[in-house]
Amino acid sequence: MKSNRRAFLGGNTRLRLVLTLGLAVVLPALTLIYVSFNHVKSIKRDKKVEALIHRDFQYLLYAGVKTMNGKAYALTEEARDLFPADTDSEEEKRRKLKLILQSRPWFDHVFLFDSKATKEEKKAAIVEVQPGKENELKSYGDMYAGWFSMEGSYLAEQIERKPKPIIWFAGEGHETEARRYTTEAIFTVPKMPSTKERLVLGGARFDADYLKNKFFPEFLKEFTSRKFEEDQGAPMFHELTPREVNEDKDRRLVMKIYPGDAQKSEPDRPLAISAGWGNGKPEVSQTLDDPFRGLAMAIRFQGTTAEAIGNRFVKESILILGVLSVLMVGGLVLTYRSVNKQVALARLKSDFVSNVSHELRTPLALIRLYAETLELGRITTQEKKLEYYSIIRKESERLTALINNILDFSRIEAGRKEYDFRETDIAELVRNTLDSYRYQIEQQGFALDEQIDESIPPVRVDREAIARALVNLVNNALKYSDRDKFLGVKLYRANSDLKLEVVDRGIGIDRNDQARIFEKFYRTGDPLVHNTKGSGLGLSLVQHITHAHGGHVEVDSAPGRGSKFTMTLPLEGPQPGTSAA
């Protein structure tokens, strides 16, 4: 009878467990599928996928325009730096202008206008053109002389207001039957500065054929040969491999550049177009500004559209939801495995409590012992009382540090550890932390060597976390130094990184142990380590704090020669706000 009752109770328990697992998996899965289905319908209705693609296209166009403009500015500034000096003769000035054109075929012509020479010697501006265009010299010289004589001062004022001393004039010329787009840069000359009495301007015009046949096509070819990806919300690029070219052929980007603007444009009369555009319409267009004012740039996929991608996404999502509905039964198995993992996690927590309980018991026992001795009045000398008070204080400080480490470790294990990153004077933080432990360091007979670089700019860190990491490293140096009691703390800048070093001349660490000392609860086999109280969490916390700040920690040590721990943190810390580890 009892046996049957046990079987019934056991079967009832298994039934409850199966029902619990079923409800824990099936109901949430059904709810998730229902919510997901409605979400997919809203994506289709509101065209959210198309909107995201268009947003990314806008970013790509912005990046493309910035890259292309930067190239034009770079070519112009390179030529501007080679313009003649004030001390050069007219013949030398012409020679230098010719040399600029010889090595830079992308310029149609360059010129130099000097108001002093124009007035006193009644000369036109100095103009040099590419071979074959000599018949345009006279007209260009007279044109620039007349233009700058009337509007040169105004143009100079406009140039001075620019971030870069260059002003652009762009558009389609009508010198021939076909319309030809070109852009011209006018700038001040570094080696011939203008004054109130004298105006000096230089300039260079890009060749229309070069822009149409080489500059724009090469830019489009280079830009569309990259694959667009999104990494943590920021678009990134990398060169397409041959395999990616074949796999993503339909979704490869194609672009065109054409006269007009994004609203009122002429996309059917392109200046340059990348291969594979076909007859499709632009997904997104953007009007260009200086130095290519009067043009627009458009982008789309080669073999598909944003709308088609959105429809495909909806279909695939519905298919996935259907598969998930069929696989709900498998959720029971996964839930069972999850329960086993939770049991294993509980066992780890139990081990953790067992490992640290001894470390908590020891300082508490000492504090209680000395406090009871003082309370019973068994100590009569003032010197002995002070010694007992000092022991109680030290043990309470050690207990506080141990509890803080345990609390931090517990939050890390639970995934609830948060860091409050703020602009911090890191030199002051390190100095204040050392000052608070200076008495303890000196009482133990250590020589402290501080080397703190005061010129380090403010860094975004969690003050409390960095101070705790430094304290853990300092405590390790104090605990594991036997005869040569030296402690060195160095804070300095290395390129774009910040380095905090803690050096001791203690027992050192064997090379085989160096890879494991940052593991939780791990302690080396040195007798001094085993005879010294500790929880085995300090270096694990140091590593976690350093990683949370985007850095890393290294150790350089050898047995009997001491250790050097180096925390490396980026000078450009995490973004503003509180970050959860």
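## Two helices that cross

In this predicted model, helices H13 and H16 cross in a left-handed way. Helix H13 covers residues 463-479 and helix H16 covers residues 538-548. Their axes lie 9 Å apart, and the two helices pack at an angle of about 145°.

Which residues of H13 and H16 meet? On the H13 side they are Ala-465, Ile-466, Ala-469, Asn-472, Leu-473 and Asn-476. On the H16 side, their counterparts are Gly-538, Leu-539, Leu-541, Val-542 and Ile-545. Sorted by class, this contact between H13 and H16 contains eight nonpolar residues, three polar ones and no charged ones.

## The chain as a whole

Now let's step back and look at the full chain. It has 581 residues, and 41% of them count as buried. Its secondary structure comes to 16 helices and 19 strands.

How do contacts span the sequence? Take the contacts between residues at least 6 apart in sequence: 66% of these join residues at least 24 apart.

## A sheet of four strands

Here is a sheet you can trace in the structure. Strands in a sheet pair through hydrogen bonds of the backbone, and the pairing can be parallel or antiparallel. This open sheet has four strands in the order E9-E8-E11-E10, and the pairing is antiparallel. Strand E9 (272-273) and strand E10 are the edge strands, each pairing on one side only. Two helices also meet these strands. Helix H2 (residues 48-80) packs on the sheet and touches E8, E10 and E11, with its direction at about 135° to that of E11. Helix H6 (residues 208-224) lies across E8, E9 and E11 and runs at about 155° to E8.

Let's look at the pairs themselves. Strand E8 spans residues 253-259 and pairs with E9 in the antiparallel sense over two bridges. In that region, Ile-257 stands opposite Ala-272 of E9. E10 and E11 are also antiparallel, and they pair over four bridges. Here Val-284 has Ile-299 in E11 as its bridge partner. Which side chains of E10 are buried, and which are not? The side chains alternate along the strand: Val-284 and Gln-286 point to one face and are buried, while Ser-285 and Thr-287 point to the other face and are not.

## Salt bridges

Side chains with opposite charges can pair when their charged atoms come close. How many salt bridges does a search of the whole structure find? The search finds 20. One of them joins Asp-56 and Arg-55, with an N to O distance of 3.0 Å. Asp-56 counts as buried because its relative accessibility is 13%, which falls under the 20% cut-off. Its partner Arg-55 is partly exposed, with a relative accessible area of 45%.

Another salt bridge is formed by Arg-422 and Asp-420, whose closest N and O atoms are 2.8 Å apart. Arg-422 is exposed at 52% relative accessibility, and Asp-420 is partly exposed at 29%. Arg-460 and Glu-423 form a salt bridge too, with their closest N and O atoms 3.9 Å apart. This pair links distant parts of the chain, 37 residues apart: Arg-460 sits in strand E14 (residues 459-461) and Glu-423 in strand E12 (residues 418-424). Is Arg-460 buried or exposed? Arg-460 counts as buried, at 16% relative accessibility, whereas Glu-423 is exposed at 52%. Salt bridges can also join up, and a network of them links Asp-86, Asp-114 and Arg-198.

## Two backbone details

Most peptide bonds are trans, and most residues other than glycine have a negative phi. With that in mind, have a look at two places in the model. A cis peptide bond joins Asp-290 to Pro-291, with omega at about 10°. Where does Pro-291 lie? Pro-291 is in the loop between strand E10 (284-287) and strand E11 (295-301).

The second place is Asn-495, which is not a glycine but has a positive phi of about 55°. Asn-495 lies in the loop between strand E15 (486-494) and strand E16 (497-504). Its relative accessibility is 72%, so Asn-495 counts as exposed.

Key. Residues are numbered from 1 along each chain as its sequence is written. This is a predicted model: local features need pLDDT of at least 70, side-chain atom pairs count only at pLDDT 80 or more; totals for chains, interfaces and linings use all residues. Side-chain values use heavy atoms; hydrogens and water are left out. A salt bridge is a side-chain nitrogen of Lys or Arg within 4 Å of a carboxyl oxygen of Asp or Glu. Buried means under 20% relative accessible area, exposed over 50%, partly exposed in between (1.4 Å probe, protein chains only). Two strands pair if DSSP finds at least two bridges between them. Contact means heavy atoms within 4.5 Å. Axes are lines fitted to C-alpha atoms, for helices over the stretch in contact, and angles run from 0 to 180 degrees between N-to-C directions. A crossing is left-handed if the near helix is turned anticlockwise from the far one by less than a right angle, and right-handed if clockwise. Ala, Val, Leu, Ile, Met, Phe, Trp, Tyr, Cys and Pro count as nonpolar, Asp, Glu, Lys and Arg as charged, and the others, Gly among them, as polar.
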